[in-house]
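Let's take a walk through this protein, one stop after another. Keep the structure open beside you and look up each residue as it comes along.

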Amino acid sequence: MHCPFCQNPVTKVVDTRISDDGHSIRRRRECLSCGKRFTTVETTMLLVMKRSGSVEPFDRDKVVSGVRKACQGRPINEDDLKMIGLKVEEDLRARGLAQVKSEDVGKAILKPLHDLDEVAYLRFASVYQNFEGLEDFERAIEELKQGKQQ
Ligand SMILES: [Zn+2]
């Protein structure tokens, strides 16, 4: 990324923001030569491959609605849900891949949800990891007690 003012190729990213629709990233950059700042917008579509093999654009709202179901009756507000959606997207985008698997999205949800609410975490994990019976719950609860994470 060359500086538009002096063409120096060495610039530093001072701020990164993902747009609300999740389809573009704005970076504020500073030229290390002349010190001027400028903004670049990168539109990279993050794709998710589903188990069926079909591919669709990553949708933060889908993450939020999946998590919302697991959070029913828990002391979790819309801002918490939005924050999880944002963390998941940042986590996935930080990998620098154009395409991730739907399992990766599920895994990326587990950690911030675990930090937010253990009951909601268990509910979500039970669906996402296909818990089959009490033993699976017992194991997950035991792991929670020991402070381990999946
Ligand atoms: Zn410059």
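What follows is a tour of the overall layout, the metal site, some helices and a few charged pairs.

Before we start, keep in mind that this is a predicted model. The chain splits into domain 1, covering 11–42, and domain 2, covering 47–148. Taken over C-alpha atoms, the centres of domain 1 and domain 2 are separated by 29 Å. How many residues of domain 1 are in contact with domain 2? Six residues of domain 1 do this, and they meet five residues of domain 2. For another feel of the distances involved, pick Glu 118 and Val 10, which are 108 residues apart along the chain and have C-alpha atoms separated by 45 Å.

Now for the metal. Which residues hold the zinc ion? The protein donors are the SG atoms of Cys 3, Cys 6, Cys 31 and Cys 34, and they lie 2.3 to 2.4 Å from the zinc. Read along the sequence, the spacing of these donor residues is C-x2-C-x24-C-x2-C. The angles that the four donor atoms subtend around the zinc ion run from 105 to 119°, so the arrangement is tetrahedral. To put a number on the ideal case, four tetrahedral donors would give angles of 109.5 degrees. Are Cys 3 and Cys 6 buried or partly exposed? Cys 3 has a relative accessible area of 0%, so it is buried. Cys 6 comes out at 34% relative accessibility and therefore counts as partly exposed.

Next, go to helix α4, residues 118–128. Its buried residues are Ala 120, Tyr 121, Leu 122, Phe 124, Ala 125, Ser 126 and Tyr 128. What covers them? The cover includes α1 (60–70), α3 (102–116) and α5 (134–145). Glu 118 also lies in α4, but at 43% relative accessibility Glu 118 counts as partly exposed. At the N-terminal end, α4 is capped by Asp 117, which places a side-chain oxygen 3.1 Å from the backbone nitrogen of Val 119. Just after α4, look for Asn 130, which takes a positive phi of about 55°.

Asn 130 leads us on to Asp 136, a residue of helix α5. Which residues does Asp 136 contact once its neighbours within four places in sequence are left aside? They are Asn 130 and Phe 131. The side chain of Asp 136 also reaches the backbone nitrogen of Glu 132, at 2.6 Å. Asp 136 has a relative accessibility of 18%, which is why it counts as buried; the cut-off for that label is under 20%.

Let's turn to the charged pairs. Side chains of opposite charge can pair when their charged atoms come close, and here the count comes to 11 salt bridges. One of them joins Arg 37 and Glu 30, with the closest N and O atoms 2.9 Å apart. Glu 30 counts as buried at 18% relative accessibility, whereas Arg 37, at 45%, counts as partly exposed.

Another salt bridge links the side chains of Glu 89 and Arg 93, at 2.9 Å from N to O. How far apart are Glu 89 and Arg 93 along helix α2? They are four residues apart in this helix (residues 78–94), so about one helical turn separates them. Both partners sit below the cut-off for burial: Glu 89 is buried at 1% relative accessibility, and Arg 93 is buried with a relative accessible area of 15%.

Arg 95 and Asp 91 form a salt bridge too, and their closest N and O atoms are 3.2 Å apart. Arg 95 is partly exposed, with a relative accessible area of 39%, and Asp 91 is partly exposed as well, at 32%. Elsewhere, salt bridges that share partners tie Lys 50, Glu 56 and Lys 62 into one network.

For a last stop, find Asp 79, which has its place in helix α2. Asp 79 counts as exposed, because its relative accessibility is 55% and the label applies over 50%. Measure along the chain and Asp 79 is 19 residues from Arg 60; in space, C-alpha to C-alpha, they are 13 Å apart.

Terms used. Residues are numbered from 1 along each chain as its sequence is written. This is a predicted model: local features need pLDDT of at least 70, side-chain atom pairs count only at pLDDT 80 or more; totals for chains, interfaces and linings use all residues. Side-chain values use heavy atoms; hydrogens and water are left out. Donors are N, O and S atoms within 2.8 Å of the metal (3.2 Å for Na, K and Ca); water is not among the atoms, so sites may look incomplete. Four donors count as tetrahedral if all angles lie between 85 and 135 degrees; four count as square planar and six as octahedral if opposite donors are over 155 degrees apart and all others between 65 and 115; anything else is irregular. Buried means under 20% relative accessible area, exposed over 50%, partly exposed in between (1.4 Å probe, protein chains only). Helices (H or I, at least four residues) and strands (E, at least two) are DSSP runs, numbered from the N terminus. Contact means heavy atoms within 4.5 Å. A polar contact is a pair of N or O atoms within 3.5 Å; within protein, one must be able to donate a hydrogen and the other to accept it, and residues adjacent in sequence count only if both atoms are side-chain atoms. A salt bridge is a side-chain nitrogen of Lys or Arg within 4 Å of a carboxyl oxygen of Asp or Glu. Domain bounds come from an automatic or database domain assignment.
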